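Below are some notes for a colleague who has asked for a careful reading of this model. They are set out as numbered points, beginning with a helix.

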Amino acid sequence: MGAKSSSVRRNPSPRSRGGISQCNVPVNSIDDDGSKFSKEISFVYWRPDNGHVGSTAVFEVNLFCKNKEPYTMTPMDMFRCEVASAQTSIPVVTEPRRENMAGCKKTTVSFNPTVAGEYCITVAMNGHNVGGEVYRRIYKPGPLDPLKTIGGQNEIFITKVDECQTIMMIPRDRFGNVIQLINNSITVEIKRKTNKEMCIFESNINSNFDSCEICWKLHEGGHFFGSILYNSSVLLKQFEVICLNDHAAIEVDRNVCSMTASYSAQLLSPKSKTVIITLTPRQIRVFESRFFHAIRTQFFTCRVSPRTMIILHHEPNVLSIDDGGGMSVTVSSEYRERIAATYHRFRQSNSGSSISFTERQNHFNEHLKQHHFGDKERDSFTRIFVSRQELLQSAIEATKSFKKDDWLKLFVVQFSAEQGLDAGGLSREFFELLTEHCFSSQSGMFKGV
């Protein structure tokens with residue numbers, strides 16, 4: 001009996017061979033000797049980083065058995081690592097790669113966070129979270145990037161003395177994450193272009209979680225350049241400021257209302273001569289004035305457009321008008337700030353940024369009505385009677401006495417011997433039938449080639 005019992009143990013039953021036999025089970029997975037993987041003892045070690053987006057986050061996964069010995073992964077083990085932010089999943093890189101993890105006791109995982117906020121990191125072995133938990137990491141926005149900062153894009157400010165101007169900005173890093181700025185670290189600098197001395201001004205800075213508001217006003221008139229710094233780095237690139245006194249500001253407003261302005265100047269090249277600069281919302285013209293302004297000879301003109309630039313030089317009263325196509329003229333005028341302010345106001349009005357779509361539509365319709373009808377009151381429609389049996393001939397008879405204004409009105413069609421009110425359907429049917437008849441072979445109006 002003892003020999004028979006021994007023979008059974010050496011030759012397992014077919015059912016045992018069909019399942020998982022003892023010889024195929026990895027040594028590390030045996031429960032009774034404590035060499036099975038332990039999620040409680042295994043842990044994740046995070047390598048130090050700066051906690052901001054843009055830097056590579058790296059952590060090591062250290063695997064241990066229940067007997068506190070390092071666990072060696074086998075081809076049968078399932079290792080999974082997922083990193084997700086509030087918006088999307090983040091790709092990860094493992095070292096060694098997942099297909100080459102057999103025989104390793106630990107692995108290194110890295111990922112690159114680009115969205116500021118909280119990240120959830122799940123590291124699992126055979127369906128069990130390493131350390132028994134989901135790891136959470138918070139990454140802050142990166143350094144300020146002026147190119148990604150939204151707002152404050154005005155290249156030139158037209159203002160007057162003691163008039164408050166506001167610059168709204170949404171500071172962002174290079175990945176587009178919003179940054180909250182520290183008020184004490186923001187500096188506003190406004191200097192005169194002629195001598196680069198600081199002018200007299202005051203500013204108020206208010207930085208919220210998602211925006212930054214900078215209010216400033218000048219206490220003296222002239223031509224200036226300004227910039228906004230954050231921790232001595234440029235937050236807003238250099239912008240131009242033309243500050244007018246009360247009298248000059250009133251004059252510029254009058255120019256915009258009358259849609260014309262003229263100023264005297266002195267041409268500097270190729271030879272000195274007196275000229276007249278005329279500005280309208282459409283163009284800038286420079287005339288040579290002779291015989292006490294009785295005779296004017298035009299020698300420079302350009303359109304008021306984004307390509308055209310008025311450049312104020314370091315020298316007092318000197319400005320250049322450049323058409324953006326290689327032609328320019330340089331003059332000296334005591335009214336150069338008023339010339340530049342009037343030009344930029346005309347350019348701003350041409351852009352239509354302050355005009356709503358409804359106002360533009362109404363303006364277009366009024367001009368169209370004025371062009372076609374003038375000041376006369378006219379009927380908005382004209383009635384025609386046609387016959388279905390002789391559609392083309394009856395249409396010609398109904399319209400042969402039409403005048404120009406009649407063709408511009410809305411047609412109201414009435415088919416003879418039929419009752420119906422044309423609300424658009426009869427007119428549409430009339431034109432469809434008329435077009436079909438004209439292009440048919442029976443009409444003889446067109447011949448195929």
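1. The model is predicted, and the first point concerns the side of helix H8 that faces away from its buried residues, where Arg428, Glu432 and Glu436 are exposed. The buried residues of H8 are Leu426, Ser427, Phe430, Leu434 and Cys438. When the helix is viewed down its axis, these buried residues fall within an arc of 100°, so they line one face of H8. An α-helix has 3.6 residues a turn, so residues three or four places apart point the same way.

2. The covering of that buried face includes strand E25 (381-386), helix H6 (391-399) and strand E26 (410-415). As for geometry, H8 comprises the 14 residues 425-438, which at 1.5 Å a residue should span 20 Å, and the C-alpha atoms at its ends are indeed 20 Å apart, in agreement with that expectation.

3. Helix H8 also takes part in a salt bridge, in which the side chains of Glu429 and Arg388 meet at 2.9 Å, N to O. Since Glu429 belongs to H8 while Arg388 sits in the loop between E25 and H6, the pair ties together parts that are 41 residues apart in sequence. Both partners are partly exposed, Glu429 at 27% relative accessibility and Arg388 with a relative accessible area of 33%.

4. Which other salt bridges deserve a look, given that the structure holds 12 of them? One of them joins the side chains of Asp49 and Arg137 (3.4 Å, N to O). Asp49 lies in the loop between strand E1 (37-46) and strand E2 (57-65), and Arg137 lies in strand E9 (residues 135-139), so this pair ties together parts that are 88 residues apart in sequence. Asp49 is partly exposed, with a relative accessible area of 26%, and Arg137, at 23% relative accessibility, likewise counts as partly exposed.

5. In another salt bridge, the side chains of Arg345 and Asp253 meet at 2.9 Å, N to O. This pair links distant parts of the chain, with Arg345 in helix H4 (residues 336-351) and Asp253 in helix H3 (residues 246-258), 92 residues apart. Arg345 is partly exposed, with a relative accessible area of 25%, and Asp253 is partly exposed with a value of 36%. Separately, Arg47, Glu60 and Lys106 are linked in a network of salt bridges.

6. Is Phe111 buried or exposed? This residue, which is found in strand E6 (residues 106-111), has a relative accessibility of 2% and therefore counts as buried. Leaving aside neighbours within four places in sequence, Phe111 is in contact with a set of residues that includes Trp46, Phe59, Val83, Ile90, Val92, Tyr119, Ile121 and Tyr139. The C-alpha atoms of Phe111 and Ile90 are separated by 7.2 Å, although the two residues are 21 residues apart along the chain.

7. The last point concerns strand E22 (residues 309-312), along which the side chains alternate: Ile310 and Leu312 point to one face and are buried, whereas Met309 and Ile311 point to the other and are not. Strand E22 runs antiparallel to strand E23 (residues 318-322), and four bridges join the two; Met309 stands opposite Asp322 of E23. The hairpin that E22 and E23 form has five residues between the strands, and in this hairpin Asn317 takes a positive phi near 70°.

Note on methods:
Residues numbered from 1 in each chain as written. Predicted model: local features only at pLDDT ≥ 70, side-chain atom pairs only at ≥ 80, totals over all residues. Heavy atoms only, no water. Expected span 1.5 Å × (residues − 1). Buried < 20%, exposed > 50% of the residue type's maximum accessible area, 1.4 Å probe, protein only. Arc of directions from axis to C-beta. Contact = heavy atoms within 4.5 Å. Pairing = 2+ DSSP bridges. Salt bridge = Lys/Arg side-chain N within 4 Å of Asp/Glu carboxyl O.
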